[in-house]
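Hi everyone, thanks for making time. I'd like to walk you through a structure and what I noticed in it, so have a look at the screen.

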Amino acid sequence: MTSTAQTPSSSPGGKQAAPEHLGHVVFITAAAAMGGFLFGYDSSVINGATQAIGDKWDIGAGTLGQVIAVALIGCAVGAATAGRIADRIGRIRVMQIAAVLFTVSAVGSALPFALWDLTMWRFLGGIAIGMASVIGPAYIAEVAPPAYRGRLGSFQQGAIVLGIAISQLVNWGILNWAGGDDRHKVFAGLEAWQVMLGVMVVPAVIYGLLSFVIPESPRFLVSVGKTEKAKKILAEVEGEHIDLDARVAEIQDGLRSDHKSTFKDLLGSRFGFLPIVWVGIGLSVFQQLVGINVAFYYSATLWQSVGIDPSDSFFYSFTTSIINIIGTVIAMIFVDRIGRKPLALIGSAGMTLALACEAWAFSADMVNGKLPDTQGMVALIAAHVFVLFFALSWGVVVWVFLGEMFPNRLRAAALGVAAAAQWIANWTITATFPSLASWNLSGTYVIYTFFAALSIPFVLKFVKETKGKRLEEMG
């Protein structure tokens, strides 16, 4: 059932962050969302290195797709394990582990001595991304007051799209320094594409440092018996005017049956998992099967394939990232006003139309290596419209849903399974795109259109609104 809209001065039970505490809560959320920034940056920075990697080791499209996509296997591993680790040692410690893995991966990826070596570092970075993809939404949902939780939860996706945009900007800057399109130009012993991958050390170190200045989740502290420390943090994020004993008791009630969520807890008597877990998996899978990451992993190569000059292709990739940010801001404004479910439906409808237009545009025959003017313009516009509708809907609401929709006793484990499913779907799309594009680019977009359309009845039938509800209310 859709809840009534919350105002900043009210929330269920009359408890919410006092205005003077909001700045502190926003800082905590932004710090946690740095994992999302690294998630976006690491996922997209490879866009600038793809062609150079293929040239350096003389590999075909299929092998290159596997090298690029292997990080996503690491993502699935990291996502599947992060929840259980977080329940044992805390949310902050998982952030710190992820920060170390991001740093090591960035250094290793910048200094590979063989293709298998690069593949290993990409896999390690993927584990870090998977951990960040789970711990970010879970932590933010647990520290954010209900009246602001949707907007604060959308910080994760905001950070992801900002990371994507910054990575494209960094790649463009490095290519300009390298003379326009020379990814092999050497500076200080490193080729341009190696510099692209190595720059990630900077945000990785910042993420690690920030993790030392934000508090542990009060729900985790209550679960391990540190109630006094939990009260202190609750007072910091929700205001000292609240009844701290009552809030702790409320959390304890929600955690009463918690025995450290495990995979076994997610199993139901029918269809393997509990229904709520399948809904989470469905949201995660549909988010990827529309082909969104093709726009970020392969955008430069994609635009070159339709006749756009290599230097201009990075410009179009960057404008797509800006559209992504704009759409995310729109979602952050409306996710707590009109709800998660309506945004998802709006996004599904818009993506379906945009992807159908892309499929039509790419069905045209090339003329001198380029699409005809009309189809080329439609392809450019439709690609940006697709990204806009994804960003203002599924890009944000899926992460908000996954942080909110599961019962307390299942949240960490269920979020891990749902995120792992998301990364497997992401891997499937990323690894198959080069081969599918070589087969039939228009047909590839028809497949993505089908999944965008199918997401509409899925949301209507199976997804329940979570706007304005306390995490302890999730059943």
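**Starting from α3**

Let's begin with G83, which sits in helix α3. Please keep in mind as we go that this is a predicted model. So, is G83 buried or exposed? With a relative accessibility of 4%, G83 is buried, because anything under 20% counts that way. Now look across to M131: 48 residues separate G83 and M131 in sequence, yet their C-alpha atoms are 8.1 Å apart in space.

Staying in the same neighbourhood, L64 is also a residue of helix α3. L64 has a relative accessible area of 15%, so L64 is buried too. The partner I'd pick out here is T50, 14 residues away from L64 in sequence and 7.7 Å away in space, C-alpha to C-alpha.

One more residue of this kind before we leave α3: C75 is buried, at a relative accessible area of 0%. For contrast, take C357, which comes out as partly exposed at 38%. And if you're wondering how many disulfides there are in the model, the count is 0. A pair of cysteine sulfur atoms would have to be within 2.5 Å to qualify.

Just ahead of α3 there's an oddity. D58 is in the loop between α2, residues 34–57, and α3. What is the phi of D58? It is positive, about 50 degrees, and D58 is not a glycine. That caught my eye because most residues other than glycine have a negative phi. D58 is exposed, by the way, with a relative accessibility of 68%.

**α3 against α20**

Now to the packing. Helix α3, residues 61–89, packs with helix α20, residues 411–462, at an angle of about 180 degrees, and the two axes are 8 Å apart. So α3 runs roughly antiparallel to α20, since an angle over 145 degrees counts as that. Split by class, the residues in the contact between α3 and α20 are 18 nonpolar, 8 polar and 1 charged.

α20 deserves a closer look on screen. If it were a straight helix, its 52 residues would span 76 Å at 1.5 Å a residue, but the end C-alpha atoms of α20 span only 18 Å. Where is the kink in α20 centred? Follow the helix to N440: the kink is centred there, at about 120 degrees.

**Two helices that match their expected length**

Compare that with α13, residues 275–289. Its 15 residues should span 21 Å at 1.5 Å a residue, and the end C-alpha atoms are indeed 21 Å apart, so the expected and modelled spans agree. Of those 15 residues, 11 are buried, which means α13 is largely enclosed by the rest of the structure. Among the buried ones are V277, V279, I281, L283, F286 and L289, but also S284, Q287 and Q288.

Helix α4, residues 91–110, behaves well too: 20 residues should give 28 Å at 1.5 Å a residue, and the end C-alpha atoms are 29 Å apart, which agrees. α4 is mostly covered, with 14 of its 20 residues buried.

**Two last stops**

A230 belongs to helix α11, residues 227–238. A230 is buried, at 0% relative accessibility. Its C-alpha atom is 9.4 Å from that of P215, and A230 and P215 are 15 residues apart along the chain.

Finally, M366 is in the loop between α17, residues 340–361, and α18, residues 373–391. Here the relative accessible area is 41%, so M366 is partly exposed. From M366 to G376 it's 10 residues in sequence and 9.9 Å in space, C-alpha to C-alpha.

If you take one picture away, make it the pair we spent time on: α3 roughly antiparallel to α20, with α20 itself kinked around N440. Happy to go back to any of these on the screen.

Key: Residues are numbered from 1 along each chain as its sequence is written. This is a predicted model: local features need pLDDT of at least 70, side-chain atom pairs count only at pLDDT 80 or more; totals for chains, interfaces and linings use all residues. Side-chain values use heavy atoms; hydrogens and water are left out. Buried means under 20% relative accessible area, exposed over 50%, partly exposed in between (1.4 Å probe, protein chains only). Axes are lines fitted to C-alpha atoms, for helices over the stretch in contact, and angles run from 0 to 180 degrees between N-to-C directions. Helices (H or I, at least four residues) and strands (E, at least two) are DSSP runs, numbered from the N terminus. Angles under 35 degrees count as roughly parallel, over 145 as roughly antiparallel, 65 to 115 as roughly perpendicular and the rest as oblique. Ala, Val, Leu, Ile, Met, Phe, Trp, Tyr, Cys and Pro count as nonpolar, Asp, Glu, Lys and Arg as charged, and the others, Gly among them, as polar. The expected span of a helix is 1.5 Å times one less than its number of residues. The bend at a residue is the angle between axes fitted to the seven residues ending there and the seven starting there.
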